[in-house]
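Here's a quick briefing to keep beside the viewer. Have the sequence and the model open, and we'll walk through them topic by topic.

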Amino acid sequence: MDSAGPKGVLRGLGLMSGTSADGVDAARLDLDTDGRCRYRGWVGMPYPPDLRAVVLAANDGLTVEAMARLDRRLGQFYGVVARDAVQGLGPVDFVAIHGQTIRHQPAGSEGFTVQIGSVADVVAATGLTVVNDFRRADVAAGGQGAPLVPPFHQQIFAAPGARLILNLGGMANLTWLPGSHDPRPVLAFDTGPGNVLLDALAGLHSGGRFHCDQEGRMALAGVANQAVLAEWLDWPYFLSPPPKSTGREVFGVPLVAKLLGQWQGRVEDLMATLLALTAQSVAQAIRSWTPGSPEMLVFGGGAENPALLAALQRALPAIRIVHGAQATGIPSQALEALAFAWLGAQCLLGRPGNLPAVTGAARTVVLGGIHPGDNWSLLMKKMIRYNNELKSECGAVLR
């Protein structure tokens with residue numbers, strides 16, 4: 001395997017498995033010493049049904065032994081994904097893994113965030129150095145440990161005018177980027193649910209046969225209950241100001257099961273109301289907590305739901321909603337994996353990866369832990385050369 005690679009290019013493979021728990025996305029990012037980031041391709045691999053079932057069950061609590069076994073199973077699966085991705089996308093210098101979030105409760109002095117997936121198994125499968133565990137350093141510095149993607153958004157999506165970037169994964173993550181001559185800081189936070197409530201209802205209603213409301217067909221067959229919607233939009237999370245982040249502990253299957261049990265009408269109407277809640281909570285967050293923008297790029301699995309995009313456009317008539325993949329050439333499913341490849345590079349370079357104004361941390365910190373692979377000595381030599389060229393040519397990558 002080519003572990004040294006081109007002198008002026010650092011090649012990373014990012015692996016992302018999000019709160020939707022539907023599989024793993026792997027994307028290759030090349031970082032040039034002139035500061036440019038180059039997208040080199042993406043592959044995805046769904047979780048086998050039995051593994052996905054265990055991952056979802058982990059959110060309700062597992063024994064220590066069951067959690068340890070899941071950690072190994074996930075690590076072995078990540079190892080297969082990484083090995084196949086390298087074969088398909090070309091050699092890389094390192095792998096960066098987000099891991100599967102099992103608990104995210106960062107508030108308070110004993111706040112925490114837990115992502116699992118045995119990195120040792122990925123090193124064993126690929127022979128490559130792996131960076132992981134990106135969120136806990138920010139939590140230790142007093143932050144939410146999320147969102148961590150906005151610095152990457154700033155790196156690749158900055159424009160002369162302000163821009164909004166929305167990722168509709170399991171949760172909905174929003175980034176507001178100031179224009180190139182605007183001194184205001186980046187703003188970013190979780191607005192609330194992305195696909196998670198829609199996916200949960202599809203799974204509960206179908207007895208597990210369906211994992212999502214394909215193209216929003218079920219929601220389109222229903223009518224949103226506006227009175228119930230107004231009540232839901234007053235939930236505490238939607239009204240609390242940033243910095244904030246959330247997860248399945250707040251928006252997940254138990255919540256949807258409770259709502260379904262209380263629902264008096266057709267299940268299609270419940271799906272339509274949950275879809276309206278997703279769109280309206282994003283719109284409410286934009287109006288309440290950001291300066292706004294004439295354009296919003298939308299990524300993530302939710303970008304492939306035309307009913308959800310249409311609901312967003314109705315909720316935000318003054319903002320042009322743009323399908324991110326069509327506008328940038330970066331597949332929706334690849335964006336977060338690319339972001340963690342970029343964060344892995346920042347870790348290897350010893351550079352801060354968080355934005356305290358976004359996460360609420362007291363200071364900037366280097367994010368991630370490094371697990372040396374067979375290529376470690378070659379990678380260290382390359383990093384020294386790369387860092388020297390970076391300093392002499394363009395300074396820090398992180399803006």
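Gly207 is exposed, with a relative accessible area of 68%; here buried means under 20% relative accessible area, exposed means over 50%, and partly exposed is anything in between, using a 1.4 Å probe and protein chains only. You'll find Gly207 in the loop between α6 and α7. Measuring C-alpha to C-alpha, Gly207 sits 33 Å from Asp121 in space, and the two are 86 residues apart in sequence.

A word on ground rules: residues are numbered from 1 along each chain as its sequence is written, and side-chain values use heavy atoms, with hydrogens and water left out. This is a predicted model, so local features need pLDDT of at least 70 and side-chain atom pairs count only at pLDDT 80 or more, while totals for chains, interfaces and linings use all residues.

**The six-stranded sheet**

- One open sheet has six strands in the order β3-β2-β1-β4-β7-β13, with mixed pairing; strands (E, at least two residues) and helices (H or I, at least four) are DSSP runs, numbered from the N terminus, and two strands pair if DSSP finds at least two bridges between them.
- Its edge strands are β3 (37-46) and β13 (369-371), each of which pairs on one side only.
- From one strand to the next, the twist averages 20 degrees; axes are lines fitted to C-alpha atoms, for helices over the stretch in contact, and angles run from 0 to 180 degrees between N-to-C directions.
- Strand β2 (residues 23-32) runs antiparallel to β3, and nine bridges join them.
- Look for Gly23, which stands opposite Pro46 in β3.
- Helix α3 (residues 119-126) lies across β4 (94-97), β7 (129-132) and β13, at about 155 degrees to β7; contact here means heavy atoms within 4.5 Å.
- Helix α14 (residues 335-349) lies across β1 (9-16), β2, β3, β4, β7 and β13, and runs at about 50 degrees to β2.

**The five-stranded sheet**

- Another open sheet is built from five strands in the order β10-β9-β8-β11-β12, again with mixed pairing.
- Here the edge strands are β10 (187-193) and β12 (320-323), each pairing on one side only.
- On average, neighbouring strands of this sheet are turned by 25 degrees against each other, direction ignored.
- Strand β11 (residues 295-299) pairs with β12 in the parallel sense, over four bridges.
- Val298 has His323 as its bridge partner in β12.
- Helix α12 (residues 306-315) lies across β8 (163-168), β11 and β12, running at about 160 degrees to β12.

**The hairpin**

- Strands β5 (residues 100-105) and β6 (residues 112-116) run antiparallel and are joined by five bridges.
- His104 pairs up with Thr113, its bridge partner in β6.
- Six residues separate β5 and β6 in this hairpin, and Gly108 in the turn has a positive phi of about 90 degrees.

**Backbone oddities in the loops**

- Ala146 and Pro147 are joined by a cis peptide bond, with omega about -15 degrees; Pro147 lies in the loop between α4 (136-140) and α5 (150-157).
- Pro242 and Pro243 are also joined by a cis peptide bond, with omega about 0 degrees; Pro243 is in the loop between α9 (236-239) and α10.
- Asp133 isn't a glycine, yet it has a positive phi of about 55 degrees.
- Asp133 lies in the loop between β7 and α4, and counts as partly exposed because its relative accessibility is 25%.
- Glu215, another residue other than glycine, has a positive phi near 55 degrees.
- Glu215 is in the loop between α6 (196-205) and α7 (217-220), and its 39% relative accessibility makes it partly exposed.

**A nonpolar surface patch**

- Leu204, Val253 and Leu260 form a nonpolar patch on the surface, together offering about 190 Å² of accessible area.- Patches take residues with over 30% relative accessible area and no salt bridge, joining like charges within 9 Å and nonpolar side chains (Val, Leu, Ile, Met, Phe, Trp, Tyr) within 5 Å.
- A salt bridge is a side-chain nitrogen of Lys or Arg within 4 Å of a carboxyl oxygen of Asp or Glu.
- Accessible areas come from the Shrake-Rupley method with a 1.4 Å probe, and for residues only the protein chains shown count as cover.
- Leu260 belongs to helix α10 (residues 253-262), and is partly exposed, with a relative accessible area of 30%.
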